[in-house]
Amino acid sequence: MPRTVMIAGNWKMNGLSADLGFFDTIAPVARASAAEVLVCPPATLLAAAAGRCSGEAILIGGQDCHAEKSGAHTGDISAPMLRDAGASHVIVGHSERRIDHAESDADVRAKAEAVLAAGLIPIVCVGETRQEREAGQAEDVVRQQLSGSLPGVSQNSELVIAYEPVWAIGTGLTASVSDVASMHAFIRSALPEPLTTRILYGGSVKPDNAAALLSLADVDGALIGGASLKASDFTSIIEAAGR
Ligand code: PEP
């Protein structure tokens, strides 16, 4: 069964209600695309974005969640709350969360399990730092992150992986096509459900490099930060998916 390409945007801590027109601009391109299009706005815009995209071919996701369903966790948001607001997916273990909030693999796994328990699909991020790549440890680091962060998957639970080399995020540097191809093949070989699990690449994906990255056999889509903030860039990447 072919894996549907996913083009996912991560707005990070960007976006105000004045930016919701973005969804009207990308809607016709998403509708015409064979790719699954997901946008993860900040939590403040999630319900409004989901309402705006109702009936459109645009899914809405969260950028993180707490591992508990509810409770005394000021400022946190749970997976059932994200679902209630209209999310279908939740990014967990993004390197900015792992670094800024000292999230461990065990934390990421607990969040991914909470996402599945809420009936949503986790997008679990993994990726090595520049020092780790230069030391020849990229595969070991990613293997460790996968074994520590992936939820115990039952056959029916869908899971998405995002390979995001930390040094390529927001830097304009992209991993070479051959490095991406070999890391994605390595990740696939390490997955419990290798044939059905989608593996996205993330790290400075732009309109001018998207087609080459998305043409790789084990690249099932892209997770896009900076270029997802500009509707024209994001739609060019959706168009580059073209399969
Ligand atoms: C990201 O935040 O997941 C990301 C890949 O960012 P950028 O595309 O800006 O590198």
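**Exercise 1. Describe the setting of Ser 228: its contacts, its loop and its burial.**

Step 1: contacts. Leave out residues up to four places away in sequence; Ser 228 then touches Gly 9, Asn 10, Trp 11, Phe 22 and Phe 234. Contact means heavy atoms within 4.5 Å.

Step 2: location. Ser 228 sits in the loop between β8 and α10 (231–241). Helices (H or I, at least four residues) and strands (E, at least two) are DSSP runs, numbered from the N terminus.

Step 3: burial. Ser 228 counts as buried because its relative accessible area is 0%. The cut-offs: buried is under 20% relative accessible area, exposed is over 50%, partly exposed is in between (1.4 Å probe, protein chains only).

Step 4: polar partner. A polar atom of the Ser 228 side chain lies 2.7 Å from the backbone oxygen of Gly 225. A polar contact is a pair of N or O atoms within 3.5 Å; within protein, one must be able to donate a hydrogen and the other to accept it, and residues adjacent in sequence count only if both atoms are side-chain atoms.

Conventions for all exercises: this is a predicted model, where local features need pLDDT of at least 70 and side-chain atom pairs count only at pLDDT 80 or more, while totals for chains, interfaces and linings use all residues. Residues are numbered from 1 along each chain as its sequence is written, and side-chain values use heavy atoms, with hydrogens and water left out.

**Exercise 2. Trace the barrel, then follow the chain from β5 to β8.**

Step 1: order. Eight strands close into a barrel, in the order β1-β2-β3-β4-β5-β6-β7-β8, with parallel pairing. Neighbouring strands of this sheet are turned by 25° against each other on average, direction ignored. Two strands pair if DSSP finds at least two bridges between them.

Step 2: β5 to β6. Strand β5 (residues 121–126) runs parallel to strand β6 (residues 160–163), and four bridges join them. Val 124 has Ile 161 of β6 as its bridge partner. Helix α7 (residues 138–149) lies across β5 and β6, at about 150° to β5. Axes are lines fitted to C-alpha atoms, for helices over the stretch in contact; angles run from 0 to 180 degrees between N-to-C directions.

Step 3: β6 to β7. These two strands pair in the parallel sense over four bridges. Ile 161 is partnered by Ile 199 in β7. The chain gets from β6 to β7 through helix α8 (residues 177–190), in a right-handed β-α-β crossover. Right-handed means that, with the strands pointing away from the viewer, the path from the first strand over the helix to the second runs clockwise.

Step 4: β7 to β8. Two bridges join β7 to strand β8 (residues 221–224), and the two run parallel. Tyr 201 stands opposite Ala 222 in β8. Here the chain crosses through helix α9 (residues 207–214), and this β-α-β crossover is right-handed.

**Exercise 3. Sort the residues of β7 by the way they point.**

Step 1: split. Arg 198, Leu 200 and Gly 202 point one way from β7; Ile 199 and Tyr 201 point the other way.

Step 2: cover. Strand β7 (residues 198–202) has five of its five residues buried.

**Exercise 4. Which residues surround the ligand most closely, and which polar atoms meet its oxygen atoms?**

Step 1: shell. There are 14 residues around the ligand, and the closest are Lys 12, Glu 164, Gly 170, Ser 204 and Gly 225. A residue counts as near if one of its heavy atoms lies within 4 Å.

Step 2: side chains. A polar side-chain atom of Glu 164 is 2.6 Å from a ligand oxygen atom. For Asn 10, a polar side-chain atom lies 3.5 Å from an oxygen atom of the ligand.

Step 3: backbone. A polar backbone atom of Ser 204 lies 2.8 Å from an oxygen atom of the ligand.

**Exercise 5. Is Ser 204 buried or exposed, and what about Ala 102?**

Step 1: Ser 204. Its place is in the loop between β7 and α9. Phi of Ser 204 is near 55°, a positive value in a residue other than glycine. Ser 204 is buried, at 9% relative accessible area.

Step 2: Ala 102. This residue lies in the loop between α4 (95–100) and α5 (105–117). Phi of Ala 102 is near 50°, again positive in a residue other than glycine. Ala 102 counts as exposed, because its relative accessibility is 62%.

**Exercise 6. Characterise Arg 188.**

Step 1: place. Arg 188 is in helix α8, and is buried at 9% relative accessible area.

Step 2: contacts. Beyond its neighbours within four places in sequence, Arg 188 is in contact with Arg 3, Pro 194, Thr 197, Ile 199, Asp 218 and Asp 220.
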